[in-house]
Structure formats: structure tokens, C-alpha cells
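Trainee: Please take a close look at one part with me, the largest pocket. Which residues lie nearest its centre?

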Amino acid sequence: MKKFITLCAALLLTYSNAMAGEKLNLKAITGGLFSADYISGINPLSGGELYARISSDGKQIVQYSFKTGKQVGILFDVSNTMGEKIDAFEGYQLSPDGKRILIQTQTQYIYRRSYKAVFYIYTIASRKLERLSDGGPQQIPIWSPDGRQIAFVRDNNIYLVKLLYDNAESQVTKDGMFNKVINGAPDWVYEEEFGFNKALTFTADGEMICWIRYDESKVKTYALEMFKGLSPARKQYSTYPGEYAYKYPKAGEDNSKPSVWSYDIKSHQTRQLQIPVDADGYIMRIKLRTIQNA
């Protein structure tokens, strides 16, 4: 034990000297003074020479040069749009063809990784900003490979928006229901244990949507008492607490039953795919790739 204490003291002394006289105390350690610097929120752009990131005030998507690190342009600015107007945003997704951007606003977190938000479609050339949907907040919107369609989840069901048809919206699934069936997004245990929030994809040719369907109807329910809190503050619970009940499989209890489905966009045909998985097995990801003939 004495050797261990001596070693720790030596390491701290060395680190303290390396910080060029910075005072080492509890406040400095817990306040992040000695934390490593890191870069986040960088998205490489087509061509490999530029990257984009959201400005610190959440009002612009700014382009930078990898070579110089300097700003070279602005992809999106909330003060310079046609059509809809927003004050700020929290995230974005560039379309595969680089012509449009999905702008994420009013984000509401559900669990650790899942959230719903109000998304907008921004066309770069015309600066036109328009809502993705008027039916309520959306989850996990994804672009088709050609950038002409967007699929998303709302209230446990999948929807499709066709940009070439005046953003026509259609409902792909209709059996989704809270605490019973989830289409295209993982249930709590899949999200938490396997670390993802999206179970929905287009095929490589953009002609079909495929997703994982989670039947959690036989999973037992767990209830939590809800209070007002601070961030966010839930005013409805300011006088009396409320309750949130969700499907939570404890060890040894039933998990949700996953299955994989496809939807043909042209024929409107929905089919279940035959996936070799045990009755109590897991389907942890869905990813479709183009297979080249030899």
C-alpha cells in the first residue's frame, strides 16, 4: 500500500509540473481544467476537402477547410431561408446527393438515444425551408439513396414522404401502438443494451423500405413515478406526481419478439422476411448492401 501511495504521489507531482505551474486542487480537477480537448460534431462533405459543423449559437451550418481549418462558406442559416422560419436547430442530415438538408428542431428525448423532433427539409439551391410533416414530431428520418424520398417513424408507425410528388406523405404501417408494437425503432432494451436508435433502412436501389418490427405485447410493464423536475420542467406534475409505464424486461422475463419486414414502394406490398433466428434470439441491426455478381 505504501508503494502504491508513493507512486500516485509521484505521478501527481509529475503531472502538476507538466502543467507549467497550474494549481492542482479539487475544483480544478472536477471542473475539467485538466481534461483533454476534443472535437465533435464534424461531418465530412463530398470531395473530402471540406467539413461542416453547427455554429455555437445553433443558427448556421458552417463549412470549413480540412487543410486550413478556416471557414469557407455557410450551408444553412436560419436568418436566410424562404418559406418556413425557425430560430435555431439542434441537428441536421445532408441528403446523399448533397442538394437538401434535413434540419432538426424542438428535440424531445425519449430514452438515452431515442428522441423525436420537428424536422424541416431545406433545399440548398432555392433556400426553401418546409416542414417534413404536419402530422406531429418525427423519429429517425432517413434519406433514400437518391435523396428523393424520406422515411420516418411517428407513434410507432412508419411513414414515407416523396419529394418529387410535392412532399406527398403516406403511411406504410398501421399496427404500431405504444407498449405493444414498434415499427422501425428499437424498444427500450434493444436501444439500451445494443446502443442504437434506428431499425429502418431503404434498399440500395431505393425501391423498398425494410425495418425491424418489435412485438412487446407480452413484455411486462414497469412504472415510474414522475415529478416536475428541472430540465425539462414538467408543469403537469408540479402539485402531484404522475406515472410513466413502459415495457421493461427484467432478467429471466420475456423480451419483445423481433421480425423483419419489407415494403415495396411501387406495388405497396408488405412482406415478412424469413430470418433464421431462435425464438428467444435477437436481431441487433438492419443494414442492406448491394451485392455484385461475380
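Mentor: Thirty residues, written 30 in the count, line the largest pocket, and Ile110, Tyr111, Lys116, Phe178 and Tyr244 lie nearest its centre. Keep in mind that this is a predicted model, where local features need pLDDT of at least 70 and side-chain atom pairs need 80 or more, while totals for chains, interfaces and linings use all residues. Residues are numbered from 1 along each chain as its sequence is written, and side-chain values use heavy atoms, without hydrogens or water.

What is a pocket here? It is an open set of points on a 1 Å grid over the protein atoms alone, where a 1.4 Å probe fits and protein lies on both sides within 12 Å along at least five of seven lines; a lining residue has an atom within 4 Å of a point. The largest pocket holds about 960 Å³ of space. That volume is the space filled by probe spheres set on the points, which are joined across faces, edges and corners.

Now the walls. At least two lining residues come from each of β7 (100–109), β11 (149–154), α3 (188–194), β17 (221–226) and β18 (242–247). The top contributor is β18, which gives 3 residues. These names come from DSSP runs counted from the N terminus: helices are H or I with at least four residues, strands are E with at least two. By class, the lining has 16 nonpolar, 6 polar and 8 charged residues. Asp, Glu, Lys and Arg count as charged; Ala, Val, Leu, Ile, Met, Phe, Trp, Tyr, Cys and Pro as nonpolar; the others, Gly among them, as polar.

Compare the second largest pocket. About 240 Å³ of space lies there. It has 13 lining residues, and Leu200, Thr201, Phe202, Lys287 and Leu288 are the closest to its centre. Two or more of them come from β10 (139–143) and from β15 (200–202). Here β15 gives the most, with 3 residues. The classes are 8 nonpolar, 2 polar and 3 charged.

Next, the loops that join some of these strands. Start after β11. Asp155 sits in the loop between β11 and β12 (157–162). Asp155 has a positive phi of about 50°, although it is not a glycine. Its relative accessible area of 60% makes Asp155 exposed. The cut-offs are simple: buried is under 20%, exposed is over 50%, and partly exposed lies in between (1.4 Å probe, protein chains only). Asn179 also has a positive phi without being a glycine, near 65°. Asn179 lies in the loop between β13 and β14. Asn179 is buried, at 14%.

Asp175 shares that loop and pairs with Arg213 of β16 (208–215). They form a salt bridge, with the closest N and O atoms 2.8 Å apart. The term means a side-chain nitrogen of Lys or Arg within 4 Å of a carboxyl oxygen of Asp or Glu. Arg213 lies in a strand and Asp175 in a loop, so the bridge ties together parts 38 residues apart in sequence. Arg213 is buried, at 17%, and Asp175 is partly exposed, at 35%.

A second bridge involves loops next to β17 and β18. Lys220 and Glu253 meet with N and O at 2.9 Å. Lys220 is in the loop between β16 and β17 and Glu253 in the loop between β18 and β19 (257–264), so this pair ties together parts 33 residues apart in sequence. Glu253 is partly exposed, at 38%. One more bridge joins Lys128 and Glu130, at 3.8 Å from N to O. Lys128 is partly exposed, at 40%. The whole structure has 5 salt bridges.

Ser231 sits in the loop between β17 and β18. Ser231 is exposed, at 75%. Its C-alpha atom is 32 Å from that of Pro44, which lies 187 residues away along the chain.

Step back to the whole protein. It has 3 helices and 20 strands. Of its 294 residues, 37% count as buried. The C-alpha trace spans about 70 × 60 × 55 Å along its principal axes.
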